[in-house]
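Ready for a few exercises at the screen? Have the sequence and the 3D view open, and try each task before you read its solution.

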Amino acid sequence: MRIGEVSRRSGVSPRSLRYYEQLGLIASERESNGYRRYDQVAVERAIVIHMLFGMDFPREIVTSVLACTGDAPAGAHDELYAQLDRVRADLSERIETLVETRSRIDEFLAARAAGAAA
């Protein structure tokens, strides 16, 4: 199928599909007229790639997740687990910082409201 059909089936823009291909995350074959031709696997991979990038996963994680599909060796899974563990630790730190920031904003707004009521 051509890029427009992959885009319609996956919900991923043609521009993103070309970018994913440039990164080596999906593959196509070139027809004699230069058009890209994709298979059904590209649709499924594009959906997964788009979802992972949408969750701000770095390219290395996306590549590792894709490497764990199909008949991937156990080593690929081990590397993915290690990477995801690092991502989880980073997310925990970011969440803690956001919660702390929200608490400070709440305190600031409460102090302003108390001053306005006096």
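Five exercises with worked solutions follow.

The model is predicted, so local features need pLDDT of at least 70 and side-chain atom pairs count only at pLDDT 80 or more, while totals for chains, interfaces and linings use all residues. Residues are numbered from 1 along each chain as its sequence is written, and side-chain values use heavy atoms, with hydrogens and water left out.

**Exercise 1. The overall build**

Task: Describe the secondary structure of the protein and say how spread out the protein is.

Solution:
- Step one, the elements. The protein has five helices and two strands; helices (H or I, at least four residues) and strands (E, at least two) are DSSP runs, numbered from the N terminus. Along the sequence, their pattern reads α-α-β-β-α-α-α.
- Step two, the spread. The protein is more spread out than a compact globule, because its radius of gyration is 22 Å, well over the 13 Å from the globule rule for 118 residues. This radius is taken over C-alpha atoms, and the rule is 2.2 Å times the number of residues to the power 0.38.
- Step three, the box. Taken along the principal axes, the C-alpha atoms fill roughly 80 × 35 × 20 Å.

**Exercise 2. Surface, contacts and charges**

Task: Work out what share of the residues in the protein is buried, then look at the contacts, the exposed area and the charges.

Solution:
- Step one, burial. Of the 118 residues, 25% are buried. Buried means under 20% relative accessible area, exposed over 50%, and partly exposed in between (1.4 Å probe, protein chains only).
- Step two, contacts. Take the contacts (heavy atoms within 4.5 Å). Among those with a separation of 6 or more, 43% join residues 24 or more positions apart.
- Step three, area. The protein exposes about 8400 Å², and carbon and sulfur atoms supply 54% of that. The areas come from the Shrake-Rupley method with a 1.4 Å probe; for residues, only the protein chains shown count as cover.
- Step four, charges. There are 16 positive and 18 negative charges, and their mean positions are 9 Å apart. Lys and Arg count as positive and Asp and Glu as negative, leaving out His and the chain ends; each charge is placed at NZ of Lys, CZ of Arg, CG of Asp or CD of Glu.

**Exercise 3. Helix H1**

Task: Find the buried residues of H1 and say what covers them.

Solution:
- Step one, the residues. Ile 3, Val 6, Ser 7 and Ser 10 are the buried residues of H1. Seen down the helix axis, they fall within an arc of 100 degrees, so they line one face of H1. The arc is that of the directions from the helix axis to the C-beta atoms.
- Step two, the cover. H2, E2 and H3 are among the elements that cover these residues.
- Step three, two serines. Ser 7 is buried at 14% relative accessibility; beyond four places in sequence, Ser 7 touches Val 12, Ser 13, Pro 14 and Leu 17. Ser 10 is buried at 13%, and, with neighbours within four places set aside, is in contact with Val 43, Ala 46 and Ile 47.
- Step four, the end. Gly 11 follows H1 and has a positive phi, near 80 degrees.

**Exercise 4. Helix H2**

Task: Tell the two sides of H2 apart, and place Glu 21 and Arg 15 on them.

Solution:
- Step one, the buried side. Leu 17, Tyr 20 and Glu 21 are buried in H2. They line one face of the helix, because seen down its axis they fall within an arc of 100 degrees. Their cover includes helix H1 (3–10), strand E2 (36–37) and helix H3 (40–54).
- Step two, the other side. The face turned away carries the exposed residues Arg 15 and Gln 22. The relative accessibility of Arg 15 is 68%.
- Step three, a buried acid. Glu 21 has a relative accessible area of 18%, so Glu 21 counts as buried. Its contacts, leaving aside neighbours within four places in sequence, are Ile 26, Ser 28, Arg 36 and Tyr 38.
- Step four, the end. H2 is followed by Gly 24, with a positive phi near 85 degrees.

**Exercise 5. A backbone angle in a loop**

Task: Locate Asp 56 and decide whether Asp 56 is buried or exposed.

Solution:
- Step one, the place. Asp 56 sits in the loop between H3 and helix H4 (59–67).
- Step two, the angle. Phi of Asp 56 is near 65 degrees, a positive value in a residue other than glycine.
- Step three, the accessibility. Asp 56 counts as exposed, at 60% relative accessibility.
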